[in-house]
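Welcome! Take a moment to look over the structure below before reading on, and keep it open beside you as you go.

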Amino acid sequence: MADLKVDFAGVPLQNPVLLASGTCNYGQELLPLTDFSRLGGLVTKTITPEPRGGNPPQRIIETAGGMLNAIGLQNPGLEDFVGEKWAFLAGLQTQVVVNIAGFSVDEFALTAARLEELPGIAALEVNISCPNVEAGGDNFATRPETAAAVIAAVKRNSRRPIIAKLTPNVTDITEIARAVVDAGADAVSLINTLVGMAIDVNSQRPILGNITGGLSGPAVKPVALAMVWKVAQAVSVPIMGIGGIATARDALEFIIAGASAVQVGTANFVNPNAGVEVVDGIQAHCDEHGIDQLASLVGSLQT
Amino acid sequence: MIDEQVEVLANDEVAEEFYMARLQAPYIAARAKPGQFVNIQVSTGGAPLLRIPLSVCAIDLDAGWIEVLYENLGPKSEVLSRIGRGVSMACLGPLGNGFAPPPAGARTCLVGGGIGVPPMLYWGSVLQRQNYPVTLLVGARNKGKHLPDELLAPAASVVRRASDDGSLGQAGLVTDLLQEELAGDAPHAVYCCGPHGMMRAVAALCRESAVPCQVSLEEYMACGIGICVGCAVELQPDEQGAAGSDYTRYGRICVDGPVFDARRVKWED
């Protein structure tokens, strides 16, 4: 049996497959449908300091090969997370990465500081790249200075590994990646969703209540893969590959491109056991191809 | 709730572009309550990508099948309508919360509009078996879009129809029929599923008449199990839970519903 273990920025993962933020909520709903103990981990839906109601409906629509979402970071807020959600997550036999966001540098810092009180958290994923909220979100990750300011503030307030989640909605993602690594990020995850929209031609109105949304699913995989490959050449920290991963083959592409771990996202909406099936498929691939250590595949792309 | 591999036993057109699929689904058949739904993967090839959520329309506990009734009006239903007998599909269910029962002996009125009729058929048949008097009001655009009598008969002792063009039943809206029911020997409980505007009108009529009303809501849905937080419905401020928390402004139709007490829903556009 091939060894799928990964050391991701100091976080020991039994395998490189995590469930992506915003596609597994805070875990409870998937408990009857998947086996968390088989996964490398899960990344919680974004937590902001204050509770958020999110965007008005319609919030999602399928598009060719993917879907648009504009949920708007609906979440119960930091205090509810610490008091309620964490109790369940702490009991899971898998690594839990908590995804955080804020609407100012201080809010990110405050959230990171409060989460220091929960010792079981494996790492923080810092969402500087949500495309669906007016203030904050995307604004931070589209400029190297603001991205760096957020990461530096979080880093000062947390002893945990810090993963900066990057947006693809920029001219040069490697510039942002370098900025967050210089600011202290222990790892980067990419990509968040691509800004997109859909229109009802009869009503001449946008289909989403937020007008625009974030594109995810198989349609974005080639874009994500190219960005992971570029970032892998630009920085030396571990990369979490995200974008349209639904099968083991998808995951392996990201790993070969330079990702040390991957996140399964939209596929969870189609198959709530997708993550475990990706793990099984990676195991089978390695065993069939005589790969003893999955880690040896990371960044093994021959060009 | 499981992701059950189900086999298509039948999939036939029962009205103009309305199809009834019978699925061998023993796990779900043994558990699905009226108002609950399933989320079916009609393609494993990624086109369409997402599943199609459909209300359970009927079950046969002994035979282990469920029936879902759907209108061919989008890419998912179009693919489903072409799936034949013997094909196997992943079917997640039963999902959501069903209808809450009426008080003992209550006269019940079920109101279904267009593709909102299916959950009413399952609920009506259960109410009938429990000896509740059931009146079923059905609205559709025209005669061709109305379901045949034999599908409606098991769900109600009285069936009344309305069509927009008057080609079957009373000309006009199903809410006209409800208004007549409320003006006469009014029902003690109303259950409703249909287009948003229709449900809003039904909720308003019931509020005016002080008759309890439950609605089965629909919204574009991805997962069906509460993880995507996509199928949002805005709730009345005093139904939103913890004071000062914006989090509960929107409910998730898939797990908080799809059935809601109509008074909990914020209907204004």
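What follows is a short tour with three stops: the contact between two chains, a sheet, and a single threonine.

Please keep in mind that this is a predicted model. Chain B and chain A meet in a contact that takes 27 residues from chain B and 36 residues from chain A. Inside chain A, we will visit an open sheet of four strands and then Thr146(A), which sits in helix H4.

**Where the two chains meet**

- Put together, chain B and chain A bury an area of about 2,700 Å² between them, and carbon and sulfur atoms give 65% of that area.
- Three residues are worth finding on chain B: Leu49(B), Ile227(B) and Tyr247(B) supply 29% of the area that chain B buries against chain A, more than any other three residues.
- How many salt bridges does the rule find across the interface of chain B and chain A? There are two salt bridges across this interface.
- One salt bridge to look for joins Glu62(A) to Lys76(B), where the closest N and O atoms are 2.8 Å apart.
- Polar contacts also link the chains, with a count of nine residue pairs between chain B and chain A, both residues at pLDDT 80 or more.
- On the side of chain B that touches chain A, strand E1 (2-15) and strand E14 (250-252) of chain B each supply at least two residues.
- The residues on this side of chain B divide into 17 nonpolar, four polar and six charged.

**A sheet in chain A**

- In which order do the four strands of this open sheet run? Reading across chain A, the order is E5-E6-E14-E11, and the pairing is antiparallel.
- At the edges you will find strand E5 (60-63) and strand E11 (194-197) of chain A, each of which pairs on one side only.
- Neighbouring strands of this sheet are turned by 40° against each other on average, if direction is ignored.
- Strand E6 (residues 66-69) and strand E14 (residues 212-216) of chain A pair in the antiparallel sense over three bridges.
- Within this sheet, Leu68(A) stands opposite Leu215(A) in E14(A).

**A closer look at Thr146(A)**

- Thr146(A) belongs to helix H4 of chain A, which covers residues 144-156.
- A polar atom of the Thr146(A) side chain lies 2.9 Å from the backbone oxygen of Phe140(A).
- The backbone oxygen of Arg143(A) lies 3.1 Å from a polar atom of that threonine's side chain.
- Leaving aside residues up to four places away in sequence, Thr146(A) touches Asn139(A) and Phe140(A).

Methods
Residues are numbered from 1 along each chain as its sequence is written. Chains are lettered from A and ligands numbered from 1 in the order in which they are written. This is a predicted model: local features need pLDDT of at least 70, side-chain atom pairs count only at pLDDT 80 or more; totals for chains, interfaces and linings use all residues. Side-chain values use heavy atoms; hydrogens and water are left out. Contact means heavy atoms within 4.5 Å. Buried area is the accessible area (1.4 Å probe) that two parts lose on being put together, summed over both. A salt bridge is a side-chain nitrogen of Lys or Arg within 4 Å of a carboxyl oxygen of Asp or Glu. A polar contact is a pair of N or O atoms within 3.5 Å; within protein, one must be able to donate a hydrogen and the other to accept it, and residues adjacent in sequence count only if both atoms are side-chain atoms. Ala, Val, Leu, Ile, Met, Phe, Trp, Tyr, Cys and Pro count as nonpolar, Asp, Glu, Lys and Arg as charged, and the others, Gly among them, as polar. Two strands pair if DSSP finds at least two bridges between them. Axes are lines fitted to C-alpha atoms, for helices over the stretch in contact, and angles run from 0 to 180 degrees between N-to-C directions.
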